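Q: Please take a close look at one part of this structure, the pairing around one strand, and then place that part in its wider setting.

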Amino acid sequence: MSSCTFTVISDSTVTFYPKLPDTVQYADGRILNKLNLWDNLYVGDAGKSTENIILSGFETDKNIINYFDTIADAGDEMTVTGFGNINLNATWVIESFSYTRDVPGGYSYSLQLEKVR
Amino acid sequence: MVVSFSITQSPLSKNIWLYPNSNYHSGCTAVGEANNYECVDEEYDVPDNDTTYVWANRESSVTDMYEIENHGSITGAINYVKIYARAKSHIYSMAGTGFYRILAYHSGTTARSDAFNLINDYNVYSFLLLSTPSSGAWNWTAIDNLRIGFDLSSPTVAGTPTNLTLRPNSVGTLTELADYPVAGDNVWDVAEVAQDGDTTYVYNNDGHVYAYQTDLYGCEDHTTQTGTINSVSIFNWSKDASAYGVNLLVCPCLWVYGAAPSTKNYYTLTTTYTNYSNTWTSQPSGTAWSWDAIDKMHIGTQLRTGSTGAGGLPRTTQVYAVVNYLGPYNPEIRTTQCYAMVNYTPSTSTCYLSRPYSYTYNNNRQINKINTWAGERLVYDVRRASKTLIMTGFEYPRPDSVATTTLNCVCAMKDNGTKITLSGIGDTLVDTDWIIQDFNYNKNAENPNIYDWTLTLERYENV
């Protein structure tokens, strides 16, 4: 497990430093329109459907967990930096946040973010 | 030491309904059941109206009181007691001076509701008691000793059309007809209660054609009747006794002292006895009917011979008068339901479950993602979608509790439906208020003393 951290700055200017997640899933989807007209198929791009990431990790600091929950409750945007991937270092909004307490000493969490810009 | 966490619930107020199960005082008459309390003990949402009820129609006060069921094992703080009665004034609304009051009796004191004036259809009336009739605080012993009921007064209303039948009882002001079988006692030949046909009758024995003869008889007086008289009708059971007469007529007639004998419609007789009548909505003089005029009235029959002129052919076997009047009426005050509703707040309860070996907290948001025509993309948070907590653990017999008792304690909270408060988990996001969405437990297949449970909660937020 990495001991490195990334940086989260929320709308409320709360800044905190979670441990880097164990896994990051990145998804970027498009909306395609497909139209059959007189035996011809027309396919066009109608824009982005989603661009999200799911961060999964293990956090020992309960305050970090509470920060994520507070941002989710407020519906704030949050800016992430510290990842080595420019697709992740962006401004996001929390779509889902969950954590599980089943082993002593920490919390497994999952954070799904939708990209704002 | 067993590490547990607690679930605390303060339920919202609840109602229980207590129904009569014994008579305490019976002033009314039961209909549909043997005992008064059985006539009014239907559950509050299934009234049977006129199938079973108790009634009274006296002007002087009438009281019906009942003992009610005990509260059983219910505990909690009593907020108030409300006594209900479903009642009506039968056919006519209650007189303005009448009343219907709901009563509550406890420990020597009777509390009375405001007086209700009943209409002629069933309505539910209630009496709220924030304290006992003797102004003490409610407790469950007072509930068990409570008596409920009502008192009422139903004065007369001018009301229902009523018929009074009066029959001949003396020789009247005119006697022209002959009679059969004993000559000279005409009045008794037509005074029978059920017409007796050719057994006794009066008849026209004039030998001329189209000759009129009339009998008028003294009539019974009214007795206790009062009220406005609508009309007086005179009835004659008459017939044509010939086989060859033509145009024999009868006219039921009357006479009131001070006026001329009054006739009206003439009817052509047939060969079988038929009931003919004439009706006067006022006296023959034109003045309204009075009970004095009724007592001075003579009633009778006028018979006309036919074209042959042979006597003895037109006959009348019965004469009587019917006075139609708006009689004074004491409406029946009917009560079909009487019950008490006790509103109380159940005691706060606390369950102690073993700490879960795992719990998962979910905070889900509704996010809008919009691609605009201008090519921009908007992503923003809208609102909370759900905030759930799923806890899994197991329960086993402990020195101070039985596993199933603890689990059933949580089940009861789930059924109550109100919010619960968790404490003892040691997580500020968890030790807060929730609503139970689901609670399941299974007996462990490997160890039947252990129950695996799952508790699903939704965060309670009232903002």
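A: Two strands count as paired if DSSP finds at least two bridges between them. The model is predicted, and the strand chosen here is β1 of chain A, residues 7-10.

β1(A) runs antiparallel to strand β5 of chain A, residues 77-81, and four bridges join the two. Within this pairing, A:S10 stands opposite A:M78. β1(A) also pairs with strand β2 of chain A, residues 15-16, again in the antiparallel sense, over two bridges. Because at least two bridges are required, these two bridges are enough for β1(A) and β2(A) to count as paired. One of the contacts links A:I9 to its bridge partner A:T15 in β2(A). The two strands form a hairpin with four residues between them, and A:T13 in the turn has a positive phi of about 55°.

The setting is chain A, whose secondary structure comes to one helix and seven strands. From the N terminus on, the order of the elements is β-β-β-β-α-β-β-β. Of the 117 residues in chain A, 44% count as buried.

β2(A) covers residues 15-16, and A:F16 belongs to an aromatic cluster with A:Y67, A:F68, A:F97, A:Y99, A:Y107, A:Y109, B:Y359 and B:Y361. Two charged ends sit over the ring of A:Y107 in that cluster: A:K62 at 5.7 Å from the ring centre and A:R101 at 4.8 Å.

A:R101 also lines the largest pocket, together with A:D102, A:V103, A:P104, B:R355, B:P356, B:Y357, B:S358, B:Y359 and B:I425. B:Y359 is thus named both in the aromatic cluster and in the pocket lining. The pocket has a volume of about 190 Å³, and its lining is made up of six nonpolar, one polar and three charged residues.

Over all chains, the structure holds 31 aromatic pairs. One of them is formed by B:F394 and B:Y396, with 5.9 Å from centre to centre and 40° between the planes. The pair counts as tilted because planes under 30 degrees apart would be stacked and over 60 edge-to-face. B:F394 has a relative accessible area of 34% and is partly exposed. B:Y396, at 25%, is partly exposed as well, because buried would require under 20%.

How values were computed:
Residues are numbered from 1 along each chain as its sequence is written. Chains are lettered from A and ligands numbered from 1 in the order in which they are written. This is a predicted model: local features need pLDDT of at least 70, side-chain atom pairs count only at pLDDT 80 or more; totals for chains, interfaces and linings use all residues. Side-chain values use heavy atoms; hydrogens and water are left out. Rings of Phe, Tyr and Trp (its six-membered ring) pair if their centres lie within 6.5 Å; planes under 30 degrees apart count as stacked, over 60 as edge-to-face and the rest as tilted. Buried means under 20% relative accessible area, exposed over 50%, partly exposed in between (1.4 Å probe, protein chains only). A charge sits over a ring if NZ of Lys or CZ of Arg is within 6 Å of the ring centre and within 35 degrees of the ring normal. On a 1 Å grid over the protein atoms alone, a cavity is a set of points where a 1.4 Å probe fits but cannot get out, and a pocket is an open set with protein on both sides within 12 Å along at least five of seven lines; lining residues have an atom within 4 Å of a point. Grid points are joined across faces, edges and corners, and a volume is the space filled by probe spheres set on the points. Ala, Val, Leu, Ile, Met, Phe, Trp, Tyr, Cys and Pro count as nonpolar, Asp, Glu, Lys and Arg as charged, and the others, Gly among them, as polar.
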